[in-house]
Amino acid sequence: MTPSTERITVLHVDDDPAFADMATTFLEREDDRFDVETATGAEEGLSLLGSMDVDCIVSDYDMPGRNGLEFLDAVREDHPDLPFVLFTGKGSEEIASRAISAGVTDYLQKGGPDRYTVLANRVENAVDRYRTHRALDRTRQWFRMLIENSTDITTVVDEAGVIAYQCPAIEHQLGYGPDELVGSDGLEYIHPADRERVARAFDAFVDAPEAILDDLVYRFRHADGSYRWIDTSMWDARDTIVDGFVVNSRDVTDRHRQRERFRTLVEEARDTIFVVDTDGNIDYATPGVEDLLGFRPG
């Protein structure tokens, strides 16, 4: 992996100013990405934490007022995941155990200059993990906001057509709760007259997927027992974290009804209607052409 060049802000809390200055010098020498801010106690550390962005806290244990673990408890109230390294001369199994139970990220005893190399590595690793988790959380939230607020119905199915995920939009569109269909065969909800056609299209896509399967229109059973026309597109996401097929659908019942109504009006019109292209070729003729001219529409 290529090391990140992003700056790392470290808040070092120690009641010994001389030691804090020395630690700052060593840490910034170990990694030129480090910017170290110092505080001489927990209260000052909390004040700085509230006024600046911090990537990691390094704290002593034995300090007047709040000790390191009490400081950790205060930090965790507003920053439950912020890396916190207890760096102390008061090394004991009891303190280490208490620190781990309290949610400390790491624990390291003070020592010679070589300890700062270890400390720098611990801080760097903790911050990298923290930033990775935050980036993943932001990505999840971003996609969740897109999916949960979309009017389209997003579904994930496996190769057998079993529903693995269903977005909340289905409740508004088709009356089902988001978890109600999970684990069931999606074909069960498709109108019997459309089921074989949809199954053939899905099987062909699974065996030889193109970039996307688009404009597959069929009837899907609403929770109230009626059927709604939906227009579906599908893409293959088996090689991603999704590990399945993403199906995006929208209710086109009103559009379908309007089209059927228009077709009925046209085909039952007493007048004969032609659709002619720009070259004068007839693309469509209503059934009335047979009564008028003796030709069948085809």
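How many residues does helix α7 have, and what distance does α7 reach from its first C-alpha to its last? In this predicted model, helix α7 spans residues 192-207 and thus comprises 16 residues, reaching 23 Å between the terminal C-alpha atoms, close to the 22 Å expected at 1.5 Å a residue. The buried residues of α7 are Asp194, Val198, Ala199, Phe202, Phe205 and Val206. Viewed down the helix axis, these buried residues fall within an arc of 135 degrees, so they line one face of α7. The face turned away from that buried side carries the exposed residues Ala193, Glu196, Arg200 and Asp207. The cover over the buried residues of α7 includes the strands β6 (153-157), β8 (213-221), β9 (227-237) and β10 (244-251).

Among the residues of helix α7 is aspartate 194, which is counted as buried because its relative accessible area, 5%, lies under 20%. When residues up to four places away in sequence are not counted, aspartate 194 touches Tyr218, Arg219 and Trp229.

The strands that cover α7 belong to an open sheet of five strands, arranged in the order β7-β6-β10-β9-β8 with antiparallel pairing. Strands β7 (163-166) and β8 stand at the edges with a single partner strand each, so one side of each is left without a neighbour in the sheet. Neighbouring strands in this sheet are turned by 30 degrees against each other on average, direction ignored. The antiparallel pairing of β8 with β9 extends over seven bridges, and the bridge partner of tyrosine 218 in β9 is isoleucine 230. Helix α7 packs on this sheet, touching β6, β8, β9 and β10, and the direction of α7 makes about 145 degrees with that of β8.

A further open sheet, also described by five strands, has the order β2-β1-β3-β4-β5, and its pairing is parallel. Its edge strands are β2 (34-39) and β5 (106-109), each of which pairs on one side only. On average, and with direction ignored, neighbouring strands of this sheet are turned by 20 degrees against each other. Strand β1, formed by residues 8-13, pairs with β2 in the parallel sense over six bridges, and valine 10 has valine 36 as its bridge partner in β2. Helix α1 (residues 17-30) lies across β1, β2 and β4 (84-88), and runs at about 175 degrees to β2.

Two aspartates were examined for their backbone geometry. Most residues other than glycine have a negative phi. Aspartate 215, although not a glycine, has a positive phi of about 55 degrees; this residue lies in strand β8 and is exposed, with a relative accessible area of 54%. Aspartate 243 likewise has a positive phi of about 55 degrees without being a glycine, but its place is in the loop between β9 and β10. Aspartate 243 is classed as exposed because its relative accessible area of 57% is over 50%.

With respect to cysteines, the structure holds zero disulfides, that is, no pair of cysteine sulfur atoms is found within 2.5 Å. Cysteine 56 is buried, with a relative accessible area of 0%, and cysteine 167 also counts as buried, at 0% relative accessibility.

Methods
Residues numbered from 1 in each chain as written. Predicted model: local features only at pLDDT ≥ 70, side-chain atom pairs only at ≥ 80, totals over all residues. Heavy atoms only, no water. Buried < 20%, exposed > 50% of the residue type's maximum accessible area, 1.4 Å probe, protein only. Helix = DSSP H or I, 4+ residues; strand = E, 2+ residues; numbered from the N terminus. Expected span 1.5 Å × (residues − 1). Arc of directions from axis to C-beta. Contact = heavy atoms within 4.5 Å. Pairing = 2+ DSSP bridges. Axes fitted to C-alpha atoms, helices over the stretch in contact; angles between N-to-C directions.
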